[in-house]
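Subject: Structure handover

Hello,

Here is the structure I promised to pass on. Please open it first, then read the notes below.

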Amino acid sequence: MKKRRIKKVAVIGSGIMGSGIACHFANIGAEVLLLDIVPRELTEQEKAKGLDLKSPQVRNRIVNDSFQTALKSKPSPIYSASYAQRITTGNLEDDIHRIKDVDWVIEVVVERLDIKKQVFEKIEAHRKKGSLVTSNTSGIPIRMMNEGRSEDFQKHFAVTHFFNPPRYLKLFEVVPGPNCQQEVVDFLMEYGEKFLGKTSVLAKDTPAFIGNRIGIFGIMSLFHIVRDLDLTVEEVDKLSGPLIGRPKSATFRTIDVVGLDTLVHTANGVANNASEDEMQSTFEIPDFVQTMMEKKWLGSKSGQGFYKKVTDADGRKKILALDLKSLEYKESKKAKFATLNLTKNIDKVIDRFAVLITGQDKAGEFYRKTLAALFAYASNRIPEISDELYRIDDAMRAGFGWEHGPFQIWDAIGVEKGLALIAEEGYEAGQWVSEMLKSGQTSFYTVCEGATYYYDLEKKEQLKVPGQDAFIILENIREAQTIWNNNEASIQHLGDGILNVEFQSKMNTIGGGVLQAVNKGIDLAEQEYEAVILGNQAANFSVGANLAMAFMLAIEQEYDELAMATKMFQDTVMRLRYSSVPTLITPRGMTFGGACEMSMHADKVIAAAETYTGLVEFGVGIIPAGAGTKEMTKRVSDLWAKDDVKLNRLRDAFINIAMAKVATSAIEAYDMGYYQHGKDLVVVNAERQIATAKRYALEMLEDGYTQPAPQQVKVLGQQAMGMFLVGTDSLFQGKYASEHDKKIANKLGYVMAGGDLSEPTMVSEQYLLDLEREAILSLLTERKTLERIEHTLKTGKPLRN
C-alpha cells in the first residue's frame, strides 16, 4: 500500500478551534488552507471605504479577522510568528475548489448537523479521491454526518477531536465512522502521536466520546456533592487542584476559563443522548447553574462567573468568589482543612490519595464521595465508550490535565478499597472489576521489564499497552535501572552504554546534589559507559539554580563558599561541552537560568516543542554566571565571521539577558540564540525525547565522537562597553530602569565586552567565566539584590527596586 503523507491540509471554519488547528498544522510544517463563509453584509468601515460584497477583502473578512485574532491571542497558538506564512486564507465560495490539492480536510464549523452536511457536500464535490476527511465535532453522531456521502468519502471519514487550545492540550480523540477503513484509523492514531505531538485515544461514537464524558461527569457530580457538603467555591478549588495532580485552575476557575455555557452544552448533550447511562440524572443542570446561565455569568468571556475581578475604592484589584447559596459575590478566602496537613510530607501526588480518603473532616468526605462516583462511573463506561481501560486514563491526563487517570488513582488506593468506597456511597461498580479480583488480578496496571501492562476485559489478563516501544518511560525503569543516586538526582542505565541523569529535587532546581550527579554521570560514562543524557519527564525540566542556597550563603557572608559554588556550577556546565563522551539534554516546559545554560553547553539538545527557556537571572538582580553570559558572548563572536554587524548582534544578546526574555517555544529559542540550527533538534511529542536522545547518542558514537577542542572568543572591549553604557544610562534617565537595574546591566555589559580592553581581543572562555563569577559575587553583596532574591523566593515574582 502506498505510504500516506500529509503535505497540505484544509481547515473549514476559522473560529477559535479552526484557527487553532490550522496554526498547529503550520507548527509542524504543513501547508494549510483556512476557509470560512462569505459575509452577507458590509461593516460600516467597509461602506466608508466604498467596498462592496464582491470586494476580495470583504469576501475574506471573516476568515482573516478570525485568523488574526487567533494569532494575537495569549498563549500563542503558533510556535513562531513566521510560521503564519504557511497558512493561506480564503472563503467557501471562491476557494473551495482548492481542496482538490490537499491530503486532509478538517471540518470545524458550528455544531449543527444541517450546516455540517452542507459543508460535507461541498467537500465531496471537490476533494481528491482517497484524501482524508474528518470532523472536529464534540458529539454529533458520525452516522448522521455520513448520510448521503459516497463510498470513498465514508471509507476515509472519521472524527478527529482536538481539545482547545489545540497547540497545548494533548488529547486527540480518533472516532472512526462505521465504514472507515482500518488503514485510515491506524494512520490517524499514529499521525496524532508522532507528528502532532498528541496522545491519540481511540474512542467510540458515543455521546461526548471519552474525555468529555468522564470529565464532565466529574464536574457535574461535584456540583451536587458541593451543595450537600456545604463547600465554598474556594474550598473546592483548593481540594481539586495541584494537591491531587490537577491543573492550578482546579474546577471553578477552569469552568470560568472554558465558559459555563460550553460545560452546560456538553452536559445537556450527554443527558439527552445517553438514555441508558445509569447516572444520567447527574448530568441534569443544578438550580444555581441555571440561574448563572440566565444571568449570563459565564466566566471570563462575560466578566464574571464563579469568580469576579473588581477594583475597590482604593484602586486595588480583588477577586471575589460566588456564594453558591445566596449567589452573591464575596471576598475570596483562603481554604484550610486538617486532612490536607496529612499529605504535607508526601511528595508524589499518586501516594496522597490513600491518605486523603481517610480524613475525618469535610475534605476527607469530599474525596471519598467524588472518587467513589468517579470510580463507579468510569468502570461502567467499559465497554460502552472504550474497550480498554487505559484509554480512559490517557484521555483524562491529556484532555483535562490530570496527572493520573481514574484507574491509576484506584490502583493507588487499592482496588478492593475502591470497591468498598463505591458501596459505602451507594454506587455500583462495573461487574468486571469484581470478576478481575476473583481471577487473581489485584490491580488494573502492572509494570514488567520497563513496560506498562493493563487488565484486558475480553482476554481477562494483563496485556502490554501498545505504542510504548517509541518511548523510554523513566517511571517504569527507575527502580531496576538506577545505578547511582543521591537525594537530588539519580542515574539510570538506558542500555547500550547510555546513561540518563534525572534531576529529582524540588522543581528540579540545580543545587549541589544535582551538580554532583551530572559530574558522576560524566565520570561513569568516561570510565565504563558511552554517553550521558540529562533528562527527566516532569512537567518542567528545571527552574534553574537553587536560589535559596545562594541567598543563604550571601546573607551569612560566606563569600568564599559562594565563589566555590559558582565555580563548581561553571565547571560542571563546561564539562558538558568538553568531556570525552557525547552529552545530550532533553529540556521541556520551564527550562530557566542554569538549566538553559546547561542546554547551551551539551553536545546536542533534544527539546520538546513546548519548551520555555531563557536566561532569567536579571529578574532576581544577578547576571547569568553558570557560563550563560560567556556562551551568549561566544555565540555572537562565532557569528561575526559571517557578517560585520558586530555591535547589533551583541546588543541583541545583551537585551535578551537584560530583559530576562523567555522563548515561548523551542522554535523561538533558535531565534534567541539559545538553540542552534544544524546541531539541536525539536520534537513535538515530549514523551519521545529520551528515546530520541538515546538514538542520537548512539549515532554520535557510531560516527566517531571526538572531544571538542577549546575555542577562543573575540570580544570588543571599550567599543562594546561604550554602547552598553550609553544604552543603560538612557534607560535610567527615561525611568525605564532603576538605579540598581542600571548597575546590574553595566556588570553584564562589562562581561560581554570582555572587560576594559582598549581594542578587540581574542580571549579564552575561562577569561569570560572569571569575569562572570566576579560580577555575580559583587552583585550578591548588594542589599537590593538580596531583597530581590528574598522577594522572589517568597512570592515567585520578581521585584523592581
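Strand β4, helix α5 (residues 113-126) and strand β5 form a right-handed β-α-β unit. Keep in mind that this is a predicted model. β4 covers residues 104-107, and β5 covers residues 132-135. The two strands run parallel and share four bridges. One pairing to look up is Trp104, whose bridge partner in β5 is Leu132.

Which way do the side chains of β4 point? Trp104 and Ile106 go one way, while Val105 and Glu107 go the other. All of them are buried.

β4 also pairs with strand β1 (residues 8-12). That pairing is parallel too, with four bridges. Here Ile12 has Glu107 of β4 as its bridge partner.

**The eight-stranded sheet**

These strands belong to an open sheet of eight. Its order is β3-β2-β1-β4-β5-β6-β7-β8, and the pairing is mixed. The edges are β3 (87-91) and β8 (199-202), each pairing on one side only. From one strand to the next, the twist averages 25 degrees.

Helix α8 (residues 182-194) packs on this sheet. It touches β4, β5, β6 (157-162), β7 and β8. The direction of α8 makes about 155 degrees with that of β8.

At the β8 edge, strand β7 (residues 171-176) runs parallel to β8, and four bridges join them. Val174 stands opposite Leu202 there.

Now move to the other side of β1. β1, helix α1 (residues 16-27) and β2 make another β-α-β unit, and this one is right-handed. β1 and β2 run parallel and are joined by five bridges. Lys8 has Glu31 of β2 as its bridge partner. β2 and β3 are parallel as well, again with five bridges. Leu35 stands opposite Gly90 in β3.

Why is strand β2 (residues 31-36) described as largely enclosed by the rest of the structure? Because five of its six residues are buried. Buried here means under 20% relative accessible area.

**The seven-stranded sheet**

There is also an open sheet of seven strands. The order is β15-β16-β17-β18-β19-β21-β23, with mixed pairing. β15 (482-485) and β23 (681-683) are the edge strands, and each pairs on one side only. Neighbouring strands are turned by 20 degrees against each other on average, direction ignored.

Helix α21 (residues 474-481) packs on the sheet. α21 touches β15, β16 (489-493) and β17 (498-503). Its direction makes about 80 degrees with that of β15. Helix α22 (residues 512-527) lies across β15, β16, β17 and β18 (531-534). α22 runs at about 180 degrees to β17.

At the β23 edge, look at strand β21 (residues 604-608). β21 and β23 pair in the parallel sense over three bridges. Ile606 has Leu681 of β23 as its bridge partner.

**The cores**

In soluble globular proteins, nonpolar side chains tend to be buried together. The largest nonpolar core in this model has 114 residues. Those with the most contacts inside it are Phe223, Phe252, Phe306, Phe407, Trp432 and Phe444. Helix α16 (residues 362-380) gives the most to this core, with eleven residues. A second, separate core has 81 residues, including Leu615, Ile622, Trp640 and Phe724.

What does Phe252 touch, leaving out residues up to four places away in sequence? The list is Leu222, Phe223, Val233, Val236, Asp237, Phe306, Tyr307 and Leu324.

**Asp387 and the cysteines**

Asp387 is in the loop between α16 and α17 (389-400). With 39% relative accessible area, Asp387 is partly exposed. Leaving out residues up to four places away in sequence, Asp387 touches Lys204 and Ile382. The C-alpha atoms of Asp387 and Asp456 are separated by 8.2 Å, with the two residues 69 apart along the chain.

How many disulfides are there? The count comes to zero when the cut-off is sulfur atoms within 2.5 Å. Two cysteines to look at are Cys448, which is partly exposed at 39% relative accessibility, and Cys596, which is buried at 1%.

Over to you.

Note on methods. Residues are numbered from 1 along each chain as its sequence is written. This is a predicted model: local features need pLDDT of at least 70, side-chain atom pairs count only at pLDDT 80 or more; totals for chains, interfaces and linings use all residues. Side-chain values use heavy atoms; hydrogens and water are left out. Two strands pair if DSSP finds at least two bridges between them. Axes are lines fitted to C-alpha atoms, for helices over the stretch in contact, and angles run from 0 to 180 degrees between N-to-C directions. Contact means heavy atoms within 4.5 Å. Buried means under 20% relative accessible area, exposed over 50%, partly exposed in between (1.4 Å probe, protein chains only). A crossover is right-handed if, with the strands pointing away from the viewer, the path from the first strand over the helix to the second runs clockwise. A nonpolar core is a set of buried Ala, Val, Leu, Ile, Met, Phe, Trp, Tyr and Cys residues joined through side-chain atoms within 4.5 Å.
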